[in-house]
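Here are two short exercises to work through with the model open. Try each task before you read its solution.

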Amino acid sequence: MVLFNSLHDERTNMYPKQNVKRPCILSCASFLAVAGTILMFFAPWIYNITTNFVLSLTTKPTFDLWRKNPMPLYLEFYIFNWTNPTDIYNPDIKPHFEEIGPFVFEETKEKVNITWNDNNTITFNHLRYWYFDESRSCANLSTKVTTINSVAVFAAAVVEDWIYVLRKGFDISISALSTKVEKVTTVGELLFYGYEDALINLAHKMPQMKALRIPNYDKFGWFYERNGSSLFDGTFNMDISGSSFGNTRQWNYKDYMPYYEGECNKVRGSAGEFYSANRQRDKIGFFSPDICRYVPLDYEQDVNIDGTRGYKYILGDSFLDNGTKVPENKCYCGDYCTPYGALNISACRYNAPGFVSQPHFYGADPYYLDKITGLHPSKDKHEMFMVLEPSTGIPLHVEARLQLNILIKPIRSVSLFEGIPTFHFPVIWFEQKARIPSSLHFLLKILLHMQLILRCIGAIMVIIGIPWLICLLYKPFLKKMHWKSQNQTLSISDASTKDSAKPLMKLKHTKETHLR
């Protein structure tokens with residue numbers, strides 16, 4: 001009985017201690033098993049929701065990164081110094097150039113005049129400031145350079161189609177002003193400060209010039225009055241989410257441009273910061289307000305950027321061809337189609353004979369370099385490219401490079417330009433590099449590996465939860481079986497004790513009878 005009572009006490013005292021803890025532990029084990037299973041099977045769905053959340057301008061972190069550039073940008077200018085302008089009328093001597101640079105400016109870029117629209121778009125302007133960084137530059141902005149007299153060239157291009165009397169009157173005017181074909185100025189004046197020119201004042205007084213609606217500038221410089229302006233780049237309208245996230249809907253409140261015909265006049269492509277997700281190895285494109293057109297880039301190869309796979313896109317046939325290889329590009333030519341490699345942007349710039357190419361005419365037809373000397377194209381130094389992470393469309397590495405050229409050619413009845421050769425004069429080229437910051441790259445890697453991370457976490461939770469759950473559910477059964485086994489043993493022991501006691505009692509009774 002003592003043994004039975006001790007077992008009974010052990011059984012009754014065993015469960016009250018676990019009645020409180022056991023449900024909590026059982027709930028934890030169940031949660032691990034169920035949550036782990038959900039993470040494993042719903043990882044793609046969770047990834048898609050997270051990606052759509054991140055790739056939307058309605059998300060505050062994404063909006064803040066878009067509104068103001070999170071990292072410093074540097075714009076580098078290289079100037080072509082014309083070393084033999086006095087030989088321009090000599091057909092046996094080619095124009096020679098020497099590159100001077102870089103002249104580095106730190107750029108700050110911010111979106112202003114932001115308006116949220118009901119059609120899932122946003123309207124905004126770019127506000128840019130450039131600050132000269134002499135420590136990163138080859139020289140200061142007072143450096144003298146000799147370049148083409150751009151004001152005279154632009155004016156001559158305008159009067160080319162005038163009647164003889166007007167052209168001759170213009171010729172007499174520029175001769176009286178002692179205008180030369182070359183212009184000696186400083187780098188600062190050529191870029192941002194601007195320089196005065198008597199031809200500018202003359203143009204403002206001519207009715208024919210006023211009809212062209214040329215900006216009423218008092219100076220000429222390639223970036224004159226652009227520093228600190230929020231209007232120069234125009235007004236953009238962009239999609240803020242969905243499959244077209246980051247695409248330009250309108251520019252200056254229109255979805256077309258008056259500069260080209262057919263498909264070439266459509267406003268399309270990325271606004272520059274975002275590209276649609278799930279990229280293919282084909283092409284991408286962005287809209288450039290500087291040249292008033294869509295800029296396509298062709299896929300070249302897969303690359304690795306700090307451990308992340310990216311697609312590299314370059315300026316190829318889709319942009320550089322003028323209709324020979326890509327027939328649909330012919331509408332960009334206007335009245336003058338040049339050989340492969342230089343694009344006519346004169347319609348975008350008040351009919352001034354401007355052309356863009358890659359620096360040093362890299363990738364262009366030999367026609368351009370055959371006319372001049374001193375340029376040395378290099379893939380590493382002069383190729384424009386962009387690397388995107390294909391799943392999200394986020395830019396990983398960008399090196400934007402373009403060169404500005406002016407078409408020089410003889411103009412009838414304008415003595416300053418009679419007898420000069422026809423060639424594309426390289427003026428300046430710029431370079432801007434950008435690479436995803438390490439902090440954002442780390443977050444991007446987490447996003448890209450989210451499905452694997454979720455599946456691994458889910459598997460660990462299941463591996464811990466299910467055995468724990470089985471143990472919790474099976475342990476009481478084992479204890480119950482163990483108690484039953486002990487109880488049966490006790491019963492058998494009691495029965496054996498009773499059976500062994502009976503003969504003794506009988507023997508005792510027999511002895512008593514015999515004694516009597």
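Keep in mind that this is a predicted model. A good place to start is S178, which sits just after α6 and takes a positive phi of about 55°.

**Exercise 1.** Step back from S178 into α6 and work out which residues of α6 are buried, and why they share a side.

*Solution.*
Step 1: Get the helix straight. α6 runs over residues 164-176, 13 residues in total, and its first and last C-alpha atoms are 18 Å apart, close to the 18 Å expected at 1.5 Å a residue.

Step 2: Pick out the buried positions, taking under 20% relative accessible area as the cut-off. That gives you R167, F170, D171 and I174.

Step 3: Check the directions. These residues are on the same side of α6 because they cover an arc of only 105° around the axis. An α-helix has 3.6 residues a turn, so residues three or four places apart point the same way.

Step 4: Flip to the face turned away from the buried side. There you'll find the exposed residues V165, I172 and A176.

Step 5: See what does the covering. Over the buried residues of α6 lie, among others, α5 (150-159) and α8 (198-205).

**Exercise 2.** Find out how many cavities of 30 Å³ or more the whole structure has, and describe the lining of the largest cavity.

*Solution.*
Step 1: Search everything. You get 1 cavity of 30 Å³ or more, and the volume of the largest cavity is about 30 Å³.

Step 2: List its lining: W82, N84, D87, I88, N90, I93, K94, P95 and P421.

Step 3: Sort that lining by type. It splits into 5 nonpolar, 2 polar and 2 charged residues.

Note on methods: Residues numbered from 1 in each chain as written. Predicted model: local features only at pLDDT ≥ 70, side-chain atom pairs only at ≥ 80, totals over all residues. Heavy atoms only, no water. 1 Å grid on protein atoms, 1.4 Å probe; cavity = no way out; pocket = protein on both sides within 12 Å on 5 of 7 lines; lining within 4 Å. Points joined across faces, edges and corners; volume = space filled by probe spheres on them. Nonpolar A, V, L, I, M, F, W, Y, C, P; charged D, E, K, R; others polar. Helix = DSSP H or I, 4+ residues; strand = E, 2+ residues; numbered from the N terminus. Expected span 1.5 Å × (residues − 1). Buried < 20%, exposed > 50% of the residue type's maximum accessible area, 1.4 Å probe, protein only. Arc of directions from axis to C-beta. Contact = heavy atoms within 4.5 Å.
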